[in-house]
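Visitor: I would like a close look at how the two copies in this model sit against each other. Please start there, and then go on to how one copy is built.

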There are 2 protein chains.
Amino acid sequence: MMMRTLTASLLSIGIMITSVHVFAANEPIQPIKPVKPENAEMVELGKMLFFDPRLSKSGFISCNSCHNLSMGGTDNIKTSIGHKWHQGPINAPTVLNASMNLAQFWDGRAKDLKEQAGGPIANPGEMASTHDMAVKVISSISQYREQFKKAFDSTAVDIDRITTAIAAFEETLVTPDSRFDKWLEGDKDALTKAELDGYRLFKSGGCTKCHNGPAVGGNSFEKMGVYKPYETSNAAVGRMDVTGKEEDRFVFKVPTLRNVELTYPYFHDGGAATLEEAVDIMGKIQVNREFSKEEIANIVAFLKTLTGKQPYFKLPILPPSNNATPRSQPFE
Amino acid sequence: MMMRTLTASLLSIGIMITSVHVFAANEPIQPIKPVKPENAEMVELGKMLFFDPRLSKSGFISCNSCHNLSMGGTDNIKTSIGHKWHQGPINAPTVLNASMNLAQFWDGRAKDLKEQAGGPIANPGEMASTHDMAVKVISSISQYREQFKKAFDSTAVDIDRITTAIAAFEETLVTPDSRFDKWLEGDKDALTKAELDGYRLFKSGGCTKCHNGPAVGGNSFEKMGVYKPYETSNAAVGRMDVTGKEEDRFVFKVPTLRNVELTYPYFHDGGAATLEEAVDIMGKIQVNREFSKEEIANIVAFLKTLTGKQPYFKLPILPPSNNATPRSQPFE
């Protein structure tokens with residue numbers, strides 16, 4: 001009798017586990033898995049560099065300035081602030097789950113996080129330094145050289161290693177355990193009726209054609225303005241800048257919708273201040289749908305379930321500059 | 001026999017403990033004690049606010065921008081960068097151990113950390129917001145109101161509570177356990193001969209007349225340029241701005257020398273890039289001494305033993321703005 005009960009229990013557990021897997025596999029969105037870094041010393045080095053404003057000419061702007069890990073990995077500004085308050089051309093995409101993107105930047109001009117990390121350091125309108133200067137600054141500091149030794153088994157500092165380490169840190173910035181992921185993994189009470197209605201509409205409305213996969217986006221380039229043109233004064237033409245092809249005008253990397261509640265304002269120009277506005281516009285121009293107020297509210301409710309567990313770590317203490325370290329030049 | 005040995009041991013331990021206390025008490029510098037916060041929820045709220053750039057008009061500048069806790073509680077810039085890259089009039093003093101200052105700001109115009117915290121928020125050249133706007137932003141966010149409830153037992157948000165919480169967090173930012181403190185507490189091997197020589201010269205040279213107490217400064221206002229005038233193009237006149245008295249021209253709060261290795265550049269104008277330069281100038285203009293190269297090296301070696309255990313805590317995750325939260329205006 002006991003044996004039969006046990007067997008039955010194990011059987012039903014087996015069925016449950018199988019059904020969860022099958023269930024999640026049938027959905028266009030997959031759960032985010034936590035990341036176990038291979039090289040913890042490399043991640044620590046990358047974290048230090050990510051927070052170090054000495055990678056900028058001014059000594060004031062770090063990677064975290066525009067990809068603020070207190071604020072969903074963004075700056076929550078329409079277009080970013082760079083060196084000498086330069087107004088950036090485009091909205092800073094979140095660094096959270098960015099490792100899942102098929103390429104980096106809105107136009108996909110960097111193939112991966114490592115290549116991306118080198119961009120802002122040397123961009124005159126962003127951190128306004130040079131790779132050469134970044135290497136001079138970091139390599140002048142013995143505590144950094146020691147950390148490079150731990151990470152790379154050599155104290156040599158170059159831009160390749162600086163960006164490799166930053167990318168290794170960024171790869172850890174994933175956000176598992178959202179309520180939506182809990183639902184995907186079988187917890188049927190994780191979502192409210194409105195949230196579930198929103199998700200069904202998100203699928204039936206055609207949103208998952210582009211916003212799918214673990215990152216709910218990030219895995220294709222698509223035209224902004226399929227059924228109607230997107231109205232903006234922003235000059236960015238997207239993918240066309242990379243390919244030179246007219247057909248790639250206004251083609252952008254589809255942004256991840258993970259943590260979208262935190263990453264306002266929305267679109268490449270930051271043109272939509274609220275999620276309601278963003279859903280309304282997307283409906284009209286991308287899937288040819290005039291969503292009702294209630295439909296929009298439900299989709300927004302669903303989108304807010306995509307907020308995952310944020311990376312929560314100790315603020316790194318940076319080693320000080322010494323007499324050999326080139327000084328920052330904030331006003332030159 | 002055993003009893004006698006035990007008594008003798010206890011006696012000698014007693015003598016040791018007494019001699020340590022007497023020893024530290026006879027020195028002009030006292031060890032820093034760790035702080036046990038009374039209200040942990042208040043400190044947590046203050047930490048969130050300290051890192052929240054929504055207290056600025058731009059949404060880009062937080063308290064931590066200029067008092068960066070990765071970098072000794074400073075920005076390591078001669079004079080700070082404010083709203084729209086405004087060049088500040090004065091060097092940002094460290095927030096570390098700032099609770100020990102007799103007053104805040106270089107000219108002591110704020111009587112305590114709470115009063116200080118309100119200044120930069122509303123200064124057009126710093127965070128460029130208003131107290132009214134700061135309250136509107138923070139009070140619009142339910143997660144903040146909940147944290148106010150935990151800290152103050154009421155969800156009401158006002159500028160008094162905002163600055164009270166920031167000050168409560170700042171009061172925890174003390175840096176005990178420096179090598180010099182270990183020496184003060186009786187560990188005679190904590191300092192090298194050069195460091196000890198430097199400390200003796202620091203005392204005999206007259207530096208401890210102003211740089212004394214647990215913070216090695218911060219407890220008096222003194223004239224910058226006692227024996228010779230201090231040469232600077234910086235327009236700050238110091239204490240005179242507060243008192244209106246001509247005799248207070250170039251009188252400034254003596255800065256703490258705790259963590260001075262981290263808080264470059266030095267003086268109210270950030271005019272000294274290195275510790276060697278700072279010691280050389282101080283010798284000449286404040287105590288009428290031309291320190292030799294070796295003497296300067298020893299004093300600098302001593303000063304570097306004042307670097308304590310840095311506050312090491314998790315970067316706070318900030319609650320997102322919602323549709324009712326006033327948006328930042330970075331370019332207006």
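Guide: In this predicted model, a turn of 180° with a shift of 0.0 Å along the axis lays chain B on chain A, and the RMSD is 0.0 Å. The relation is therefore that of a two-fold axis. Within chain B, B:Lys314 has the C-alpha nearest the axis, at 2.0 Å from it. Both copies use the same surface, since 100% of the contact residues of chain B recur in chain A. In general, two copies of a chain are related by a rotation about an axis and a shift along it.

The contact itself draws 35 residues from chain B and 35 residues from chain A. On the side of chain B that touches chain A, 19 residues are nonpolar, eleven are polar and five are charged.

Now to the build of one copy. Chain A holds twelve helices and two strands. In sequence order the pattern is α-α-α-α-α-α-α-α-α-β-α-β-α-α. The radius of gyration of chain A is 22 Å, and the globule rule gives 20 Å for 332 residues; the two values are close, so chain A is as compact as a globular protein of that length. Along the principal axes, the C-alpha atoms of chain A fill a box of roughly 75 × 60 × 30 Å.

Chain A is split into two domains: domain 1 covers 40–171, and domain 2 covers 179–304. Their centres, taken over C-alpha atoms, are separated by 27 Å. Where these domains of chain A meet, domain 1 gives 21 residues to the contact and domain 2 gives 26 residues. On the side of domain 1 of chain A that touches domain 2 of chain A, there are nine nonpolar, nine polar and three charged residues.

Two helices of chain A can be taken as a pair: H2 (residues 40–50) and H7 (residues 159–171). Two packed helices are described by the angle between their axes and the distance between the axes. For H2 and H7 of chain A, the axes come within 7 Å and cross at roughly 100°. An angle from 65 to 115 degrees counts as roughly perpendicular, so H2(A) is roughly perpendicular to H7(A). From H2(A), the contact is made by A:Met42, A:Val43, A:Leu45, A:Gly46, A:Lys47, A:Leu49 and A:Phe50. From H7(A) come A:Ile162, A:Ala165, A:Ile166, A:Ala167, A:Ala168 and A:Phe169. By class, the contact of H2(A) with H7(A) has eleven nonpolar residues, one polar and one charged.

Some points of the backbone remain. Most residues other than glycine have a negative phi, and most peptide bonds are trans. In chain A, the peptide bond that joins A:Tyr264 and A:Pro265 is cis, with omega about -10°. A:Pro265 lies in the loop between strand E2 (251–253) and helix H11 (275–286) of chain A. In chain B, the bond from B:Tyr264 to B:Pro265 is cis, and its omega is near -10°. B:Pro265 is in the loop between strand E2 (251–253) and helix H11 (275–286) of chain B. B:Phe105 is not a glycine, yet its phi is positive, about 75°. B:Phe105 is placed in the loop between helix H3 (63–66) and helix H4 (113–122) of chain B.

Conventions
Residues numbered from 1 in each chain as written. Chains lettered and ligands numbered in written order. Predicted model: local features only at pLDDT ≥ 70, side-chain atom pairs only at ≥ 80, totals over all residues. Least-squares fit on C-alpha atoms with pLDDT ≥ 70 in both. Contact = placed C-beta atoms within 7 Å. Nonpolar A, V, L, I, M, F, W, Y, C, P; charged D, E, K, R; others polar. Domains from an automatic or database assignment. Axes fitted to C-alpha atoms, helices over the stretch in contact; angles between N-to-C directions. Helix = DSSP H or I, 4+ residues; strand = E, 2+ residues; numbered from the N terminus. Parallel < 35°, antiparallel > 145°, perpendicular 65-115°, else oblique. Rg over C-alpha atoms; globule rule 2.2 N^0.38 Å.
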